[in-house]
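The following exercises concern helix geometry, aromatic contacts and nonpolar packing. Please inspect the sequence and the model before reading each solution.

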Amino acid sequence: MSYKTIVGLEIHVELMTKTKIFCNCANEFGGEANSHCCPVCLGLPGAIPRLNKRVLEYAIKAGIAFNSDISKFIKMDRKNYFYADLVKGYQTSQDDTPICSGGYIELELDEGVKKIGLNRIHIEEDTGKSVHTEDETLLDYNRAGVPLIEIVTKPEINSGEEARVFLERLKATLEYIEVSDCKMEEGSLRCDVNVNVVDRETGQKTNITEIKNLNSFRSVARAIDYEVDRHIDLLKKGQNTEKETRRWDEVNGETVVMREKGDASDYRYALEGDIPPFTLDDAFIEEIRKSMPELPHEKKARFMDQYDLNDYDAGVLTATRDLANFYEETVKYIDDAKLVSNWIMGDVLRGLKDEDLEIDSLKFDAKALADLLTLVKEDKINNNTAKKVLREMFETGKDPNSIVKERGLIQISDEGALEGIVEEVLAENEQSIIDYKNGKDRALGFLVGQVMKKTRGKANPQLVNKLILEKINNM
Ligand SMILES: [Zn+2]
């Protein structure tokens, strides 16, 4: 039997505006509880909200980046529900007139490019936060009124891994256009998943379950995989899933029931009368269109062209805006795009992964990496030494020239200085010379290794190779 997995995502993204969506309170993460609040975001009676123009601008930027249709008609609606962190008793959102409709995101998968369609992007306000302690629940309204865009995909994602790749792409693009920092750990990007499966033969479908409490892209993928297995097991037993909301339990790696899912009509959407509907000028949207920065796929194409990189390398180097900037900055200081890409894609990314760091938390800058690579390019240090120096830069952030100087790592490229050592090694290893002459090429590698050992890795290996061959051939 074969089953098809159907996944749709709802992603809430906090926008990095200076102030909240309907008032002038600071839009900042953290801060003393209830210190960024006013009558508007606390929803006190009589307080009148005013829509922040930047929120429209950022939502439109996202819509343009994701190929959506932008609506000039702006209408806000009240979504009614009761919850302690929603003081007004309703959330001001958009119901039937989202600011952006349609659109898509292209994923580069092993099997080719796949387009995932978007239903809509709309703007709304965030709610406050309930802080649960041992015996009481505290309320912090600093987050109330923080601007959000909600991005809803079509149910066109077909696996946990596809969902992960989709989210990576979405995040990279939102960072490129500078509308959100997308920090899942601070809640500035939150993702809910809708999932069900279809039996390809019988056409029988399971009921959609919604999964919440997902704290990383990896947990999104894991939760989907878990849920798909659960749905298939039930179908096999002739049963079906409940239409419900489940919570992902990261520790136990399973989903557990949270509540039965309410229908959309429960929200009794009604016009937000305090913000009368209005129409945007074409010029406003056109201005945003003109100011759009380079998007990930555009930067990738430019990197391939300008720096003569292949598809894969350009893809890795433009995966995040920070990494792409770091690469371009380094190339400014050393005119060798290929050498820089090799080192960033190799030792730099590996080092970041080992230490679980992001590129913006590196202790050295692009100039320092360029200085290190200049030493390599000018044959002042060999590759192995450079790797060691880079590791020290990761740890201490020290400048590569100082490290090389302090540790006396400058490569020995002086024939005179190496000749004596080469002769010494040859005298000590007569058997290797015989082996080499008998066609065992490995013996040469051994001899070079012995010279490297005696110079504590500082000899220029190409030069050592050449000197040994010269001497053996004259024997
Ligand atoms: Zn406020």
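**Exercise 1. Determine what follows helix 3 and how the span of this helix relates to expectation.**

Solution. Helix 3 is followed by Gly 238, which has a positive phi, near 75°. The helix itself covers residues 217–236, 20 residues in total. Helices here are DSSP runs (H or I, at least four residues), strands are E runs of at least two, and both are numbered from the N terminus. From first to last C-alpha, helix 3 reaches 29 Å, close to the expected 28 Å at 1.5 Å a residue. That expectation is 1.5 Å times one less than the number of residues.

The model is predicted: local features require pLDDT of at least 70 and side-chain atom pairs pLDDT 80 or more, while totals for chains, interfaces and linings use all residues. Numbering starts from 1 along each chain as its sequence is written, and side-chain values use heavy atoms, without hydrogens and water.

**Exercise 2. Characterise the ring pair of Tyr 81 and Tyr 267.**

Solution. Rings of Phe, Tyr and Trp (its six-membered ring) pair if their centres lie within 6.5 Å; planes under 30 degrees apart are stacked, over 60 edge-to-face, the rest tilted. The whole structure holds seven aromatic pairs. Tyr 81 and Tyr 267 form an edge-to-face pair, with 5.9 Å between centres and 65° between planes. The two residues are 186 residues apart, Tyr 81 lying in the loop between strand 4 (77–80) and strand 5 (90–93), and Tyr 267 in the loop between strand 15 (254–260) and strand 16 (270–271). Buried means under 20% relative accessible area, exposed over 50%, and partly exposed in between (1.4 Å probe, protein chains only). Tyr 81 counts as partly exposed because its relative accessibility is 27%; Tyr 267, at 29%, is likewise partly exposed.

**Exercise 3. Identify the residues with the most contacts inside the largest nonpolar core, and the helix that gives the most to this core.**

Solution. A nonpolar core is a set of buried Ala, Val, Leu, Ile, Met, Phe, Trp, Tyr and Cys residues joined through side-chain atoms within 4.5 Å. The largest has 70 residues, and Phe 166 and Leu 174 have the most contacts inside it. Helix 1 (residues 53–65) gives the most to this core, with eight residues. Leaving aside residues up to four places away in sequence, Leu 174 touches residues including Val 13, Ala 62 and Phe 66, where contact means heavy atoms within 4.5 Å. Another core, of 39 residues, lies apart; among its members are Phe 303 and Leu 339.
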